[in-house]
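Please open the model in your viewer and keep the selection tool at hand. The tour proceeds stop by stop, each beginning with something to select.

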Amino acid sequence: MIGSFFSNLRDGIRKLQEIDYAGLEGLPGSFAREAGERALAGEVPVHSKDGKYDVATFAGGCFWGTELHFQRMPGVIATAVGYTQGEEDKPTYSDVCTGATGHTEGLQLIYDPKFVSYETLCRKLLSTINPTLRNRVGNDRGTQYRHGVYPHSDAQWQTAERVLKEAQAAYDRPIVTELKRATIFWPAENYHQRYLEKGGQSAAKDAAEKVRCYG
């Protein structure tokens, strides 16, 4: 009886925490809604739905800061923060924070390769982290904060592999940034999307202000 009560309570709490993917922010401001549609369909897209742009996925610790870094890049069309490389469908922030789902906080974006290359995007990620620290970016520690590059195509894979190899020359310790094929990307709750921009930090292209992950 008591066990059934607590089981029902957990199920009820879980239901309240479920992400409304159809209610996520959409284009042109955010890629979250489209990312949710693709995830629910079990897709790992190479291109945006309209075929105009390429898709890229990265992880760089706290996804708020990672998102703002990429929002500021010319050629990046739209971004979405979320959870990737995990074992469960439809994870929530609470789920991922336990470290038990296998997900990392990530960023999925669409970009115009005529204006910014995938190589430039990879190098941007590495400029925002210390790639020799495992499961740690800044003060954030845990498997959910591991950094990674997750290519969506063979061409992206070859570029990412080369960039990481070339970057190793700048470090005495081995680079531990993950390089794995992209998997389903589950966008995070609406309140996480464009969090730092909504908090007053500039998302203008080429903005020079320091990105403050909690500001």
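A cavity is a set of grid points where a 1.4 Å probe fits but cannot get out, and its lining residues are those with an atom within 4 Å of a point. The model on the screen is a predicted one.

**First stop: the cavity**

Select Ala35, Arg38, Ala39, Glu43, Val44, Pro45, Gln108, Thr183 and Phe185, which line the largest cavity. This cavity has a volume of about 30 Å³. Helix H2, residues 32–40, supplies the largest share of the lining, namely three residues. By character, the lining consists of five nonpolar, two polar and two charged residues.

**Second stop: the largest pocket**

Next, turn to the largest pocket, whose volume is about 260 Å³. It is lined by 15 residues; select Cys62, Gly65, Thr128, Val137 and Cys213, which are the closest to its centre. Which helix gives the most to this lining? It is helix H3 (residues 63–71), with three residues. The lining of the pocket comprises five nonpolar, eight polar and two charged residues.

**Third stop: aromatic pairs at helix H3**

The structure contains five aromatic pairs. Select Phe63 and Tyr83: their rings form a tilted pair, 5.9 Å centre to centre, with 40 degrees between the planes. Phe63 belongs to helix H3 and Tyr83 to strand S2 (residues 76–84), so this pair ties together parts that are 20 residues apart in sequence. Both Phe63 and Tyr83 are buried.

Now select Trp64 and Tyr195. Why does this pair count as stacked? The ring centres of Trp64 and Tyr195 are 3.7 Å apart and the planes are at 10 degrees, and planes under 30 degrees apart count as stacked. Trp64 lies in helix H3 and Tyr195 in helix H7 (residues 195–198), so the pair links distant parts of the chain, 131 residues apart. Is each partner buried or partly exposed? Trp64 has a relative accessibility of 14% and therefore counts as buried, whereas Tyr195, with a relative accessible area of 33%, is partly exposed.

Before leaving the aromatic residues, select Phe58, Phe70 and Tyr118, which form one aromatic cluster.

**Fourth stop: helix H5**

Tyr118 also leads to helix H5 (residues 118–127), where Tyr118, Leu121, Cys122, Leu125 and Leu126 are buried. Select these residues and look down the axis of H5: they fall within an arc of 140 degrees, so they line one face of the helix. What do the buried residues of H5 pack against? They pack against strand S1 (54–60), H3, S2, strand S3 (104–111), strand S6 (147–149) and helix H6 (154–167).

**Last stop: details of the backbone**

Select Leu27 and Pro28, which are joined by a cis peptide bond with omega of about 10 degrees. Pro28 is found in the loop between helix H1 (2–17) and H2.

Move on to Asn135, in the loop between H5 and strand S4 (136–137). Although Asn135 is not a glycine, its phi is positive, at about 55 degrees. Its relative accessibility is 25%, so Asn135 counts as partly exposed.

Finally, select Asp206, in the segment after H7. Asp206 is not a glycine either, yet it has a positive phi of about 65 degrees. With a relative accessible area of 59%, Asp206 is exposed.

Technical notes
Residues numbered from 1 in each chain as written. Predicted model: local features only at pLDDT ≥ 70, side-chain atom pairs only at ≥ 80, totals over all residues. Heavy atoms only, no water. 1 Å grid on protein atoms, 1.4 Å probe; cavity = no way out; pocket = protein on both sides within 12 Å on 5 of 7 lines; lining within 4 Å. Points joined across faces, edges and corners; volume = space filled by probe spheres on them. Helix = DSSP H or I, 4+ residues; strand = E, 2+ residues; numbered from the N terminus. Nonpolar A, V, L, I, M, F, W, Y, C, P; charged D, E, K, R; others polar. Phe/Tyr/Trp six-rings, centres within 6.5 Å; stacked < 30°, edge-to-face > 60°. Buried < 20%, exposed > 50% of the residue type's maximum accessible area, 1.4 Å probe, protein only. Arc of directions from axis to C-beta. Contact = heavy atoms within 4.5 Å.
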